[in-house]
Amino acid sequence: MSKTLIIAEAGVNHNGDINIAKKLIDTACEAGCDVVKFQTFKVDSLVSRAASLADYQKKNTGKDESQKEMLSRLSLSYEDFETLKKYCDNKAIEFLSTPFDIESIHFLDDLVNFWKIPSGEITDYPYLVEIAKTHKKVILSTGMSSLDEVEAAVSLLRLNGACDISLLHCTTEYPAPFDSVNLKAMNTLKTRFNVPVGYSDHTKGISIPIAAVAMGASIIEKHFTLDRNMEGPDHKASLEPNELKEMVDAIRNVEDSLGDGIKVIQNAESQNKSVVRKSIVAKTDIKKGDTFTENNITTKRPGTGLNPMKWPDVIGKKATKNYTADELIEIDKL
């Protein structure tokens, strides 16, 4: 199995502070993630004054305010993102940020190697066209979407120049209830669109992304934070640093464990074969010329002698020598 691309989703968990953003990059590096991702937007281009908070945002922030008010506190400047890109380069981790408006697409085009489109933009026609026109690889989250909506977005992206597209199954709720995940839909996307698929996780804990990798996910995206008790809309559904590291380690273990699917005796187990398998042995003392029967032979460890699967060939044969109890039975031409 090829290596799973693990995207550590910092999002807006920096709370508008570039120093916290740098600490998030440090955390993603220490956990062994491949990519650390932020969110880039111009507040006035993203939301109108009428946009209210989602229920989870109200619950997680404890505030009753507009989206515009909340996002204004959580935004970083374009200059900040240029600084974070350089910081990632120095840390040898890939920088990524999701644009939420066309102006931010143009800004990020020189900073990112590929695009991560969030679920909320899957029906934004002009946004998708602008992304596709860059001809870069696209990873598209499909939360809140029907198959027909995914089909329309993929077709639009391809029509306008995006030729390398991956899809992420996703349930857009923070945190997402386990019974809403429908992880098997990930394979539905793979079958329907014949593209690489992965999973963007919003559940609590690390079990579901690990399961997704076992099911064939080639990309995993997961929110993380320095501290779940920090103020902000996404901290509650994010992993803390030790959990992020645990998830990455578990995913790498799953990758190593999947193998190639060919059933063979593994090197690691071959040394145990003779210890735990059995051989045909004398159950009692047997004299030369006696007939082997179920009364005088049996099977016992170790498996260094005659394979017990030869049992039908041994029964009825005559002993060619004397045997003491537990001695390995020997039969010519078996």
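Let's start in the middle of a sheet: Leu 167 stands opposite Val 197 in strand 7. Keep in mind that this is a predicted model. The two residues belong to a pairing in which strand 6 and strand 7 run parallel, joined by 4 bridges. To get from strand 6 to strand 7, the chain passes through helix 9, and this β-α-β crossover is right-handed.

Now look at strand 7 itself, residues 197-201. How many of its residues are buried? The count is 5 of the 5, so the strand is largely enclosed by the rest of the structure. In a regular strand, side chains alternate between the two faces of the sheet. Here both faces are covered: Val 197, Tyr 199 and Asp 201 are buried on one side, and Gly 198 and Ser 200 are buried on the other.

Strand 7 also pairs with strand 8 (residues 219-223), again in the parallel sense, over 3 bridges. In this pairing you'll find Ser 200 opposite Glu 221 of strand 8. The link from strand 7 to strand 8 goes through helix 10 (residues 207-214), in another β-α-β crossover that is right-handed.

Back up along the chain to helix 8, residues 147-159. With 13 residues at 1.5 Å a residue, the helix should span 18 Å, and its end C-alpha atoms are indeed 18 Å apart. Which of its residues are buried? They are Val 150, Ala 153, Val 154, Leu 156 and Leu 157. Seen down the helix axis, the buried residues fall within an arc of 160 degrees, so they line one face of helix 8. That face packs against several elements: strand 4 (114-117), helix 7 (125-132), strand 5, strand 6 (165-170) and helix 9 (185-193). On the other side, Asp 148 and Leu 159 are exposed. After the helix comes Gly 161, with a positive phi near 120 degrees.

Just ahead of helix 8, in the loop that connects strand 5 (137-141) to it, sits Thr 142. Is this residue buried or exposed? Its relative accessibility is 5%, and buried means under 20%, so Thr 142 counts as buried. A polar atom of the Thr 142 side chain lies 2.8 Å from the backbone oxygen of Leu 168. Beyond its close sequence neighbours, Thr 142 touches a set of residues that includes Val 150 and Leu 189, along with Leu 167, Leu 168, His 169 and Cys 170. That brings us back to Leu 167, the residue opposite Val 197 where we began.

Notes:
Residues numbered from 1 in each chain as written. Predicted model: local features only at pLDDT ≥ 70, side-chain atom pairs only at ≥ 80, totals over all residues. Heavy atoms only, no water. Buried < 20%, exposed > 50% of the residue type's maximum accessible area, 1.4 Å probe, protein only. Polar contact = N/O pair within 3.5 Å; in protein donor to acceptor, adjacent residues only side chain to side chain. Contact = heavy atoms within 4.5 Å. Expected span 1.5 Å × (residues − 1). Arc of directions from axis to C-beta. Pairing = 2+ DSSP bridges. Right-handed = clockwise from strand over helix to strand, strands pointing away. Lists of a residue's contacts leave out its neighbours within four places in sequence.
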